[in-house]
Amino acid sequence: MSDPHHLLIPCAASTADGAQQTLDSLALPHLAALLARLTPDTARAHWGDENSYSSPAEVALAHSLGLPTEDGRIPWAAWHRVQQGLGADSTAWAFITPCQWQVSTNHVTLGDPAQLALDEAASRALLGIVAPWFAEDGITLTYDQPTRWLAQGAPLQGLATASLERVLCRDVRTWMPQGTDKQATRTLQRLFSEMQMLLYTHAFNDERSSQGLPTVNSFWVHGAGQLPSPPAATAAPHIDASLQTPALGEDWRAWAAAWQALDAGPLAQLRQQAEQGRPVRLTLCGDRGVQSFHTAPRSLLQKIQSLLSPQRLKDVREKL
């Protein structure tokens, strides 16, 4: 269940020059008015850098859900199992996503798994091919979704992983999984190599190529961690991810259009709720940090300072 009075926006800012230039010329009247009315919540602020394993949006969501927020070790797979009614346990879980690594001279880029057009039948067939190799290293794979399997096993213990959103369309070498156990890290590195060799000439990919479909040549592990006991039940924020795809693709014209739609829609609605006296919260997430704002009692001086500060919106986005 999501909280309609808490809006969380990933990719609200970017360190890319194109994003900064776009924001400088972008009018967002409802966001500006909302920020003038709300109070910064310093307890929910989070600062990192653009190369951290966990994106600021992940950290903000995990904080709202009562999950651990250590970088790269937010137990998303274990939490997913709890949400599916499978219960919490002390086992290390992770997601495994079949994907395509695009190798060039200077980069190894992770392509969008959604573009692989994997359906359930193809995903299960691929799972049957690779699962025995993982099992030899103590990792059990089970089907969850066409582009996501569940993994369980000791090598996932203490593993720091980056989410797909962090790595998508970027060089994977910056965010390769790292474990507290060096042997576990080496096991995963070997599995990456083995899967590339296995799938390179496999009939599974030959058939896909003959059908004009993209080949699968690797995988990505993410959401690893343990969740011995479920967190207290809380309402998750409402996440509007409409900025994410254009931001990751650095399509700043589409990003600007998505921002304007956000401002005219969800942000205008949140502003209306705030003006009606309802408690609301806005969480903005960029590449480097999180800033959260909420309705809270303020002094008259604070209200006047907010209204007289046209720089406030610019200050917020520059920090993200």
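**Exercise 1.** Is Thr-187 buried or exposed, judged by relative accessibility?

*Solution.* The model is a predicted one.
Step 1. Place the residue: Thr-187 belongs to helix 7, which covers residues 182–200.
Step 2. Apply the cut-off: a residue is buried under 20% relative accessible area.
Step 3. Thr-187 has 7% relative accessibility and therefore counts as buried.

**Exercise 2.** Determine where Gly-138 lies and describe its surroundings in sequence and in space.

*Solution.*
Step 1. Gly-138 is located in the loop that links helix 5 (120–136) with strand 7 (139–145).
Step 2. Its relative accessible area is 41%, so Gly-138 is classed as partly exposed.
Step 3. Consider the C-alpha distances. Thr-187 is 49 residues from Gly-138 along the chain, and their C-alpha atoms are 9.9 Å apart. For Ala-151 and Gly-138, a sequence separation of 13 residues goes with a C-alpha to C-alpha distance of 10.0 Å.
Step 4. List the contacts. When residues up to four places away in sequence are not counted, Gly-138 touches Gln-152, Gly-153, Ala-154 and Pro-155.

**Exercise 3.** How many disulfides does the structure hold, and how are Cys-169 and Cys-285 placed relative to Cys-11?

*Solution.*
Step 1. The count of disulfides is zero.
Step 2. For Cys-169, the closest cysteine sulfur is that of Cys-11; the separation is 11 Å, which is too far for a bond.
Step 3. Cys-285 is likewise in no disulfide, and its nearest cysteine sulfur, again that of Cys-11, is 8.7 Å away. The criterion for a disulfide is a pair of cysteine sulfur atoms within 2.5 Å.
Step 4. Compare the accessibility classes. Cys-169 has a relative accessible area of 44% and is partly exposed, whereas Cys-285, at 0% relative accessibility, is buried. Cys-11 is buried, with a relative accessible area of 16%.

**Exercise 4.** Which backbone feature is found at Cys-11 and at Glu-250, and in which loops do these residues lie?

*Solution.*
Step 1. Cys-11 is not a glycine, yet its phi is positive, at about 60 degrees.
Step 2. Cys-11 occupies the loop between strand 1 (2–9) and helix 1 (17–24).
Step 3. Glu-250, also a residue other than glycine, has a positive phi near 55 degrees.
Step 4. The loop that holds Glu-250 runs between helix 9 (244–248) and helix 10 (252–264).
Step 5. Contrast the two in accessibility: Cys-11 is buried, with a relative accessible area of 16%, while Glu-250 counts as exposed at 52% relative accessibility.

**Exercise 5.** Characterise the overall fold and surface of the protein chain.

*Solution.*
Step 1. The secondary structure of the protein chain comprises 13 helices and 14 strands.
Step 2. Test the chain against the globule rule. A compact globule of 320 residues would have a radius of gyration near 20 Å; the protein chain has 21 Å, and so the two agree.
Step 3. The C-alpha trace spans about 70 × 40 × 35 Å along its principal axes.
Step 4. Of the 320 residues in the protein chain, 50% are buried.
Step 5. Among contacts with a separation of 6 or more, 73% join residues 24 or more positions apart.
Step 6. About 15,200 Å² of the protein chain is exposed, with carbon and sulfur atoms supplying 51% of this area.
Step 7. The protein chain carries 24 positive and 30 negative charges, and the mean positions of these two sets are 8 Å apart.

Methods:
Residues are numbered from 1 along each chain as its sequence is written. This is a predicted model: local features need pLDDT of at least 70, side-chain atom pairs count only at pLDDT 80 or more; totals for chains, interfaces and linings use all residues. Side-chain values use heavy atoms; hydrogens and water are left out. Helices (H or I, at least four residues) and strands (E, at least two) are DSSP runs, numbered from the N terminus. The radius of gyration is taken over C-alpha atoms; the globule rule is 2.2 Å times the number of residues to the power 0.38. Buried means under 20% relative accessible area, exposed over 50%, partly exposed in between (1.4 Å probe, protein chains only). Contact means heavy atoms within 4.5 Å. Accessible areas come from the Shrake-Rupley method with a 1.4 Å probe; for residues, only the protein chains shown count as cover. Lys and Arg count as positive and Asp and Glu as negative; His and the chain ends are not counted. The place of a charge is taken as NZ of Lys, CZ of Arg, CG of Asp or CD of Glu.
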